[in-house]
Amino acid sequence: MKTVNDIFSWLVNGGATVIVVIAGTIAVKAWPIVHTILDSKATTAKSAKTKQHYEQLDQWAATAVAAVSVNLDAMGSDKKKEAVRIVNRQLADHKIDIDVENVSNAIEAAYQSFKLAQPASDAKAIAPAKTVNVTVKE
């Protein structure tokens with residue numbers, strides 16, 4: 001019991017001040033290292049979130065281009081404006097902030113991919129070649 005009383009007496013008579021000074025010194029010296037670690041984690045998290053947002057933008061752009069290309073009887077620039085409008089609405093609904101230029105670029109890239117995936121309208125259908133089973137006697 002005497003030891004507990006001695007420790008309590010030491011803390012009351014100035015020991016607490018020593019502990020606070022030591023803890024403060026450690027905190028001040030460690031802060032630059034901790035700050036750097038926290039900043040790098042925040043940057044990494046922000047980069048991952050931004051990447052996810054742009055991947056989602058690409059998916060919405062592809063969907064909008066496909067929908068507009070099939071369903072809208074309009075000229076190319078009107079179709080693009082409609083696709084941009086559709087994607088911007090999706091971005092607003094999900095509270096994702098991506099500028100209009102990037103949305104337009106994503107629509108254009110989606111259109112190029114869509115165009116490449118479609119068969120040429122003047123291509124002739126070619127019937128598959130007949131397969132002949134050949135039996136070889138030895």
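Ser-104 lies in helix H3, which covers residues 100-117, and this serine is a convenient point of entry into what is a predicted model. Leaving aside residues up to four places away in sequence, Ser-104 touches Lys-80 and Val-84. With Lys-80 the link runs from side chain to side chain, as a polar contact of 3.2 Å. Ser-104 also belongs to the buried residues of H3, which are Val-103, Ser-104, Ala-106, Ile-107 and Ala-110. Viewed down the axis of H3, these buried residues fall within an arc of 160 degrees, so they line one face of the helix. The face of H3 turned away from that buried side carries the exposed residues Glu-101 and Leu-116.

The spacing of such positions follows from helical geometry: because an α-helix has 3.6 residues a turn, residues three or four places apart point the same way. As for the length of H3, its 18 residues should span 26 Å at 1.5 Å a residue, and the C-alpha atoms at its ends are 26 Å apart, so the expected and modelled values agree.

The contacts of Ser-104 lead on to helix H2, which comprises residues 76-93. Here too, 18 residues at 1.5 Å each should span 26 Å, and the end C-alpha atoms of H2 are 26 Å apart, which agrees with that expectation. In H2 the residues Ala-83, Val-84, Ile-86, Val-87 and Leu-91 are buried. Seen along the axis of H2, the buried residues fall within an arc of 160 degrees, and they therefore line one face of this helix. Val-84, one of the buried residues of H2, is also one of the residues that Ser-104 touches. Turned away from the buried side of H2 is a face that carries the exposed residues Lys-81, Ala-92 and Asp-93. Beyond the helix, H2 is followed by Lys-95, whose phi is positive, near 55 degrees.

These details can be placed within the chain as a whole, which contains three helices and zero strands, its elements running α-α-α from the N terminus on. Of the 138 residues of the chain, 14% count as buried, buried here meaning under 20% relative accessible area. The chain exposes about 11400 Å², of which carbon and sulfur atoms supply 61%. Among the contacts in the chain with a separation of 6 or more, 60% are accounted for by residues 24 or more positions apart.

Note on methods. Residues numbered from 1 in each chain as written. Predicted model: local features only at pLDDT ≥ 70, side-chain atom pairs only at ≥ 80, totals over all residues. Heavy atoms only, no water. Helix = DSSP H or I, 4+ residues; strand = E, 2+ residues; numbered from the N terminus. Polar contact = N/O pair within 3.5 Å; in protein donor to acceptor, adjacent residues only side chain to side chain. Contact = heavy atoms within 4.5 Å. Expected span 1.5 Å × (residues − 1). Buried < 20%, exposed > 50% of the residue type's maximum accessible area, 1.4 Å probe, protein only. Arc of directions from axis to C-beta. Areas by Shrake-Rupley, 256 points an atom, 1.4 Å probe, with all protein chains shown as cover.
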